[in-house]
Amino acid sequence: MKNIFSHQLITLRRRKKLSQNDLARKLYVSRQSISKWENGENEPGIDKLITLSEILGVSLDFLILGKDNMNDLILKISGLTKAFAQPVLNGIDLNIYGKDRIALLGSNGAGKSTLVKVIYGELQPDTGRVASYINNKDDLNVMTQDDVLMEDLKVIEQVQLAALIDKVYSEEFIEQLIRKFRLEKQKNTFVGKLSGGQKRRLSLLLTLLRDSKLLILDEPTVGMDLESIDFFWRYLDHVGGCVITITHDFNQIDKYFSRVLLLKDGKIMQDVSVDKIHSHNQTIEQWYRQFNNEEEHVK
Ligand SMILES: Nc1ncnc2c1ncn2[C@@H]1O[C@H](COP(=O)(O)OP(=O)(O)OP(=O)(O)O)[C@@H](O)[C@H]1O
């Protein structure tokens, strides 16, 4: 592992703007140890490797081998609690892997948005922890329930700006995306003048400008017309990496997810593979109705 690991350590440490001394302090080791790891004279033990991957915001595979394994753990959520006026999350433990395509389900107010906000760092948990093995700055894309758009820009300007920020700017690429997302006619319309569904499509386009290892979508199809909803689910099928989607749109979701989580009473009450649901001749909707109601009944 020596050469690749040494190279990765130097590159990732510099990317995080950490000196050898900074890193040594965080790991409770001497600066000389870091220097030896970087020279390939010595290697850290597994416990230090795990801590290193957390500090550097990458998976263990990426740190050691320089590439990711899609079966890799990308998030480890332990003992998470969060309360507002009332408790919302009551002890969430969850492992999320690079290949997962997760539908996060639950009744209104169950805490789904709160959970994903804690995952992407908008909210701090009261207790517990989210260990992320990806680099949130480069590898995480989020589409929230609110469209985060600049109303005074034209559609084309908004896309150009986002493409520049995401470092994926190319006129051809932008034109292609605008066509794909059926916003060609609105290219020179001010964002503030778009309909709700068009704003949603634009938000989705902006979210998907760059590739990610983790894509979080909070009720992405709300306000979209049927054609756009069809388009959205088909498009999602081609998106790589892990996807966590909060949705109440049961019409088509069977095709797009591999794993379903049911959030209820602040806990993950069910965590099931879609194959298992289908092997019982159920759709996700039937499964959801059965388990959400059953839990309600038991309560
Ligand atoms: N910033 C906040 N301040 C106070 N209470 C909040 C806040 N955010 C969420 N809540 C409360 O936490 C609970 C869970 O809200 P959350 O939005 O996470 O649920 P949800 O499962 O996403 O619901 P929905 O399906 O309706 O979007 C609700 O009772 C909500 O009122």
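Where is the place of K185? In this predicted model, K185 sits in the loop that lies between α9 (171-180) and α10 (196-207). K185 counts as exposed because it has 10 C-beta neighbours inside 10 Å, and a residue with 12 or fewer falls in that class. K185 also lets us gauge a distance across the model: its C-alpha atom and that of Q290 are separated by 44 Å, with the two residues 105 apart along the chain.

Strand β3 offers a contrasting setting. This strand (residues 101-105) is largely enclosed by the rest of the structure, since 5 of its 5 residues are buried. In a regular strand, side chains alternate between the two faces of the sheet. In β3, R101, A103 and L105 point one way, while I102 and L104 point the other way, and all of them are buried.

The partners of β3 can be followed next. β3 runs parallel to strand β7 (residues 242-246), and 4 bridges join the two. Parallel pairing also links β3 with strand β8 (residues 259-264), again over 4 bridges. L104 takes part in both pairings: its bridge partner in β7 is I246, and in β8 it stands opposite L261.

L104 appears once more in the largest nonpolar core, which has 65 residues. Those with the most contacts inside this core are A103, L104, I216, V260 and I284. Setting aside neighbours within four places in sequence, I284 is in contact with A103, F250, I253, D254, V260, V274 and I277.

A separate topic is the open sheet of 3 strands, with the order β2-β1-β4 and antiparallel pairing. Because β2 (87-97) and β4 (127-132) stand at the edges with a single partner strand each, one side of each is left without a neighbour in the sheet. On average, neighbouring strands here are turned by 10° against each other, direction ignored. Strands of a sheet pair through backbone hydrogen bonds, either parallel or antiparallel. Between strand β1 (residues 73-83) and β2, the antiparallel pairing extends over 8 bridges, and A83 stands opposite P87 in β2.

Finally, which residues are around the ligand? They are F84, V88, G106, N108, G109, A110, G111, K112, S113 and T114. Helix α6 (residues 112-120) supplies the largest share of this shell, with 3 residues. Sorted by class, the shell has 3 nonpolar, 6 polar and 1 charged residues.

Conventions: Residues are numbered from 1 along each chain as its sequence is written. This is a predicted model: local features need pLDDT of at least 70, side-chain atom pairs count only at pLDDT 80 or more; totals for chains, interfaces and linings use all residues. A residue is near a molecule or strand if its C-beta atom, placed from the backbone, lies within 6 Å of it. Ala, Val, Leu, Ile, Met, Phe, Trp, Tyr, Cys and Pro count as nonpolar, Asp, Glu, Lys and Arg as charged, and the others, Gly among them, as polar. Two strands pair if DSSP finds at least two bridges between them. Axes are lines fitted to C-alpha atoms, for helices over the stretch in contact, and angles run from 0 to 180 degrees between N-to-C directions. A nonpolar core is a set of buried Ala, Val, Leu, Ile, Met, Phe, Trp, Tyr and Cys residues joined through C-beta atoms within 7 Å. A residue is buried if 20 or more other C-beta atoms lie within 10 Å of its own, exposed if 12 or fewer, and partly exposed in between; C-beta atoms are placed from the backbone. Two residues are in contact if their C-beta atoms, placed from the backbone, lie within 7 Å.
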